[in-house]
Amino acid sequence: ACGSNDKDNNDAGEKPAAGNDTEKSEFSIAMVTDVGGVDDKSFNQSAWKGVKEFGEEQGWAKGTGGFDYLQSTDPADYTTNLNNLARRDFNLIFGVGFLMEDAIADIAAQQKDTEFAIIDGEVDAPNVTSILFKEQEGGYLAGVAAALMTKSDKIGFIGGMDIPVIERFEAGFLAGVAAVKPEIKVDTKYTGAFDKAELGKAEASRMYSSGVDIIFHAAGGTGNGVFSEAKERKQADKDAYVWVIGVDSDQYDEGKVGDDNITLTSMLKRVDVAVKDIAQQSMDGKFPGGETKVYGLHDNGVSLADSRGAIPQDVLDQIDEYAQKIADGEVEVPEFVEKKK
Amino acid sequence: MDYVIEMLDVSKKFGNFYANDRITLQLEKGEIHALLGENGAGKSTLMNVLFGLYQPDGGEIRVRGEKVAITDPNVANDLGIGMVHQHFMLVENLTVTENIILGSEPTKSGMLNIKDSAKKVAEISKAYGLDVDPHAKIEDISVGMQQRVEILKTLYRGADILIFDEPTASLTPQEIEELLNIMRKLVAEGKSIIIITHKLQEIMSVSNKVTVIRKGKGIGTVITAETNPEELATLMVGRQVTFKTEKGPSNPTEEVLKVEDLVVNDYRGVAKLKGLNLSVRRGEIVGIAGIDGNGQSELIEAITGLTKVKSGKVLINSVDVTNKKPRKITETGIGHIPQDRHKHGLILDFSVGYNAALQSYYHEPFSKKGIMNYKEVNEKAKSLIEEFDVRTQGVDELARALSGGNQQKLIIGREILRNPDLLIAALPTRGLDVGAIEFIHRRLIEQRDSGKAVLLITFELDEVMNVSDRISVIYDGTIVGTVTPQETNEQALGLMMAGHSKDAVSKEQIAARKDGDEHHVE
Amino acid sequence: MNIMSNKMINILVPVISIILGLLVGAVVMLISDYNPVTGYIALWNGIFGDSYVIGETIRQISPYILAGLAVAFAFRTGLFNIGVEGQLIVGWFAAAYVGMAFELPKIIHLPLALLAAAVAGALWGLIPGILKATLKVHEVIVTIMMNYIALHVVNALIKTISGGGFKTERIHETASLRSEFLSNLTDYSTLHYGIFVALAMVVVMWFVLEKTKSGYELKSVGFNENASQYAGMNVNKNIILAMVISGAFAGLGGAMEALGTFGNMSSMGGFTGIGFDGIAVALLGANTPLGVIFGATLFGSLKYGANNMPNAAGIPVEIVSIIIALVIFFVACGYIIRIGLIRLRNKKEAK
Amino acid sequence: MLDVLYFIVPITIASAAPLIFTAIGGVFSERSGVINIGLEGLMVMGAFIGILFNLFFAESLGAWTPWIALLVAMLVSALFATLHAVASISFRADQVVSGVAINMLGLAIALFSVKMIFGKGQTDFIQEKIPRFNIPYLQDIPIIGPMFFKLVYGSSIIAIAVAFIAWFVIYKTPFGLRLRSVGEHPMAADTMGIKVTKIRYIAVIISGGLAGIGGAVYSQTITNDFGHATINGQGFMALAAMIFGKWHPLGAMGAALFFGFAQALAISSSSIKILADIPAVYFHIFPYVLTILALAGFLGKSSAPKSLGNPYIKGNR
Ligand SMILES: Nc1ncnc2c1ncn2[C@@H]1O[C@H](COP(=O)(O)OP(=O)(O)OP(=O)(O)O)[C@@H](O)[C@H]1O
Ligand SMILES: Nc1ncnc2c1ncn2[C@@H]1O[C@H](COP(=O)(O)OP(=O)(O)OP(=O)(O)O)[C@@H](O)[C@H]1O
Ligand SMILES: [Mg+2]
Ligand SMILES: [Mg+2]
């Protein structure tokens, strides 16, 4: 299948190279995934999409001198992978995921001529740009959508691990719900893991059983269980009013139940947009080193996915109004959940 | 001649070592044929070849005149050969019936037919007088009953050639007598038997012929009626063996062990010792005679601190050691040759040298400030090996690789060299050949003569009679009487072991005195 | 003279196992349309290619040695410690915490951080040890449960001490195992002094087992509890001690990550896997201290070198995992290879 | 109160089902004397094959798909387990190492295949899932009905049936008797003419088949796709269930149900108002702590088969 057409030019392994480096460009970019891999349906995939699209738009080839990625199988691989790419002379290297903060800081200090960008994390170094997202703004819209769509006035949120990024999703979501229907108390649960589908399923089962009709999940693989539970309820009863709001990428496919679909919408986190943006700036010689770029609704960094009819137009219009308020700065979405006592 | 089994020039190699070197053994129909040899002579190996567990490296085997290749136990079973192994081949957590039917299970619509099987087992056991409980679990029944299960296994499969590998090593005298009777009954029914045993009187009493092997080679076959124990022993060992260990009169002095009203419960809370009293003095050997299961194990464990004492006292050199830690008690002056050498006596996966230090490793010079000095350990072990004639490749050999007799010598050496005031020897000669037994008995007597106290626990009547200075008979958790070997005989002991009091027995003795004279061991 | 001495066979067996594993791996690559030669050159370069990767390879080996020692030590005393993973996690946290929370001179700080890791791991081993010794609870279940507990508890602790964040602050330089010298030597790799700690622990394990009175007792209890009790040893104490020492090794494995590789600890989405790999490491090394070095080297090199296969040869990492698994598999099957070699020798001798 | 049970009981059973299959697989293998720490890898294989088959044949097989997928997963995992059997029985490999290799290999092969087939890190989502249904009549029984007979997975029923069948096979049939004897005292079995190697092979292969079903049940009821994290640790939990259940099929089932129960209890109690202030971590560790406490309560040694882990070498003692 793929990759077998390598004309290897290993010069004693000094600089391991891959791909056909026929059209070497002046500028080249690469990224290091975290342990998820470039097809994780989440930010790695989205980041790779950005890198790839950017490279292809420039007419580059995959590989040294063009665009490429390395996958980490273990957090200990971050530094070596970053270093590896730097030694292959990529000009701009993205590290994906907050877990890579320290590795980027280390390597950026060593490889001062290479530009780095960290996604979802912050590193203070002159040759590093930090890219953050206003997940809370996307979450806010999801919350608005949920509050407008709920019939039972019961809404759930299922998080994975209890970490700051996920808390931003939650904080925004709660704020969004409160903006529409302040009386609703969102049922919020963290499962403590991103990879425990059975916990997601059990948690969702409990919520739906208690009357919740819309669940927003920000729980990675644990979220699979949420979809699974919703779909089973839909399958058992075609008229059941159960919904899931997806996260990161468009999770429409996950929601299919025969001809129905239980995915209300998904909160998109457009890492690709940010990646392309930074790549362009860097290529233009305007690399925002040392800065932290925060991508929100305004920059198209977060948004809601096409609901494909699940949300009626009048509701969509209302959501747009809220979106406008955020974009205009009229509404400031909180980053943290107010400490529940 | 009508031979049912002929093993002709059979050889078996382990690596480059010949365990069997062109051995010939011929078994007639309806005979009991004894196989005799020292520990490690190759008896078990030869029988395992016959049973298909090992493949011979030379020679041929004929069964009822036909040359056969016994490639596995199934073939042996089909040929009507059954074997009762030296170490029982019983699955402990299965029932008697399950063990017996294993491998040829009767079924009823795909299900095990335990009910009918149990009935059949009961029938056979009745027919041969082999008393067993078909539904009992193996782990819950006595060694004697396990033995009978082994026999039933072969009979159930319709074996008419039976091999017994040391069947009597762990049986009580009563059980042995029973077993020998069963064998007689079996041959009377037309079955043929090969028996391995180290006990010459058993051979004399039950066998028709004896084949002797020495160091893997056949020495020859003699007709039992035309030989005697001395000749057999000489054939087997290759030198004269004395049976009755020479010993002078005892000269007991102060008391070393005193046991007062000892009560010990087992893990279910059932009393196993019920107020036992015992005393052993310096310069004497006290033998505990009794049938297995009357509290011997509990007595030893209580003395040595391996089990909790409910009430009563254990004093060693007048120091109260009741319920003290085992090490504390050992330090007070006890040496202990345990009953089960594999379970308690040795760490089989430790080297001989390490095992020699098992009770003293924590002392100088073997260890100092927590650091072992293995050079010292091995030096000491070497002298032990020398002094106690432990046959081994060296101190680095694993204890596992030693034969039972040599393992036993290693333990005895270890315990004696610690120079304890009281030596507890539990079944010290089980499974050993006469040469080894002689050696061990001599050692026990030496201990006594050097002013130490010895407590000997054994199931063998002749051992207890030969070696002890006083004999305390244990029955149902108490000592029913203490006698000297001079004032008693095996019948009297047997009665006491069955629970008769000393007085009752001595009354009976007077009546039985007439034939008492005839009774003299070998 | 023997054509093949037993010693030589002992060396040949693992070598042949590794070659067999690589051969089958090559077949897998061929079938999936990759060039095995390119692949293995990439693997080789990924392990030994230059001083940088050598440094990284050695860095990767350090925690494997400690995890392997932990499993091996428990095995030698008759216990199966599946909980190395959890003990390593708590050790990681403890070292990271001590490393950041205190300001002390290096000579005190670093040893203190290491000690904290060892103690944390030991405590995590203590619980299954006590349960095993006193209540006869099977250590395999308890240690599996303790792994999950470690994961969740440590994540919660990280959140607490970082004030709602997802990682601990960086440790102070005074607690770091990082070494400018080693790093420069290996072209800025993250090689740190941890490897010396790991090797020192190999010596410690060897010393404890082979030279001390405790070692004698621990092994004895591992082989035969009854006889050990007969010999006056405190069986329960030894079981607990074994789990504690095993846990301490594992905890130090965590310190490698905290004080060397990462310099802090982040919330963990799942297990590190090092603890589970430690089982293979230990058993590949026949549970001996020296063997553990072999197992860890094999494991660590393959695991680290494998990263270069996608990088330099475009071969997906999953194939590399297949190859690693196969190598382990064949090493485990060393017996049959040994038999083959002995047959071969005998045949040659016969001629 | 009843509402809580209506939630806890079905969740308990549903989440226990994959563990029940796998743990009983473990019982077969270990009762024959072969340690099977590779249950995790066998489950991975089953989970993967189940999804793969389901995706490819859903068009043609319709509602039958998940069931046939279970069978196929069973076969493939059984085949995969043969590797463990060859290594640990014929080649006398260390059974634990071989099991670790199986775990690594299972995951690696599955993920590699996913990459090759789907060109991404996880499969698509299946459409034909293992269905849930109400059992007629029984569901109307008050209290019990909604707990046990409403919206049950067919696979849960099979799991419980398998536990009883396994009990029957192990304790009531000649094969079971042989299996037990081989794991306790293989030499005794050998002297009775039983082919130790054959029985062990069969047992390990059965364990592979059941673990395969376990994995496929998991993936077809809970995740609905297959990726690197689909099976992560369930195999080890099954191992724990097997030991907790003292190597007895019904015990293993009980232990698996207990794990499910502990999990469900944690989830349901975390939503109780008065407990709302307790930090989440306590609920996260609750099932594991509860298990340890329960174990400590069940006094007495667990009785592993005596020859567990020892290769049988004819003529050795
Ligand atoms: N499996 C084996 N591997 C290697 N050597 C063996 C094996 N079995 C027996 N031997 C050797 O063969 C010799 C004969 O052993 P065997 O068990 O037949 O003796 P034996 O006559 O039955 O002794 P005992 O009276 O103690 O039962 C021993 O010296 C022993 O070293
Ligand atoms: N694993 C082994 N490897 C090599 N030789 C062995 C092994 N096991 C036993 N043997 C040999 O087999 C012989 C007989 O061993 P065994 O334990 O049966 O001795 P024994 O005298 O028959 O014991 P017992 O007193 O219990 O009857 C020994 O001489 C020993 O060298
Ligand atoms: Mg013998
Ligand atoms: Mg013997």
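In this predicted model, Phe57(D) has a relative accessibility of 36% and therefore counts as partly exposed, since the buried class ends at 20% and the exposed class begins over 50%. Phe53(D), by contrast, is buried, with a relative accessible area of 13%. Both residues belong to helix H2 of chain D, where four residues, or about one turn of the helix, separate them.

A second aromatic pair also draws on helix H2. At 3% relative accessibility, Phe48(D) counts as buried, and Phe226(D), at 1%, falls into the buried class as well. The ring centres of Phe53(D) and Phe57(D) are 4.4 Å apart and their planes meet at 25°, so this pair is stacked; planes under 30 degrees apart are required for that label. Across all chains, the count of aromatic pairs comes to 41. Among them is the pair of Phe48(D) and Phe226(D), whose ring centres lie 5.4 Å apart with planes at 55°, so the arrangement is tilted. Phe48(D) sits in helix H2 (residues 39-61) of chain D, whereas Phe226(D) is placed in the loop between helix H9 (196-223) and helix H10 (234-244) of chain D; the pair therefore ties together parts that are 178 residues apart in sequence.

The fold of chain D provides the setting for these pairs. Chain D contains 12 helices and two strands, and from the N terminus on its elements follow the order α-α-α-α-β-α-β-α-α-α-α-α-α-α. Its radius of gyration is 20 Å, close to the 20 Å that the globule rule gives for 317 residues, so chain D is as compact as a globular protein of that length. Along the principal axes, the C-alpha atoms of chain D fill a box of roughly 65 × 50 × 40 Å. Of its 317 residues, 64% count as buried. Among contacts in chain D with a separation of 6 or more, 77% join residues 24 or more positions apart. The area that chain D exposes is about 11000 Å², with 72% supplied by carbon and sulfur atoms.

Chain D also meets chain C. To this contact chain D contributes 44 residues and chain C contributes 41 residues. The two chains bury about 3700 Å² between them, and carbon and sulfur atoms give 84% of that area. On the chain D side, the residues that lose the most area to chain C are Met104(D), Phe112(D) and Ile292(D), which together make up 16% of what that side buries.

Chain C has a further contact with chain B, formed by 26 residues from chain B and 19 residues from chain C. Here the buried area is about 2000 Å², of which 60% comes from carbon and sulfur atoms. In chain B, Ile347(B), Phe350(B) and Tyr361(B) lose the most area to chain C, together 24% of what that side buries. Phe350(B) and Tyr361(B) also take part in a cluster linked by ring pairs, which includes Tyr354(B), Tyr362(B), Tyr374(B), Tyr216(C) and Phe223(C).

Charged side chains add to the picture of the aromatic rings. Within chain B, Arg327(B) lies over the face of Tyr362(B), 3.6 Å from the ring centre, and Tyr362(B) is itself one of the cluster residues. In chain A, Lys151(A) lies over the face of Tyr241(A), at 4.1 Å from the ring centre.

How values were computed: Residues numbered from 1 in each chain as written. Chains lettered and ligands numbered in written order. Predicted model: local features only at pLDDT ≥ 70, side-chain atom pairs only at ≥ 80, totals over all residues. Heavy atoms only, no water. Phe/Tyr/Trp six-rings, centres within 6.5 Å; stacked < 30°, edge-to-face > 60°. Buried < 20%, exposed > 50% of the residue type's maximum accessible area, 1.4 Å probe, protein only. Lys NZ or Arg CZ within 6 Å of the ring centre and 35° of its normal. Rg over C-alpha atoms; globule rule 2.2 N^0.38 Å. Contact = heavy atoms within 4.5 Å. Areas by Shrake-Rupley, 256 points an atom, 1.4 Å probe, with all protein chains shown as cover. Buried area = accessible area lost by both parts, 1.4 Å probe.
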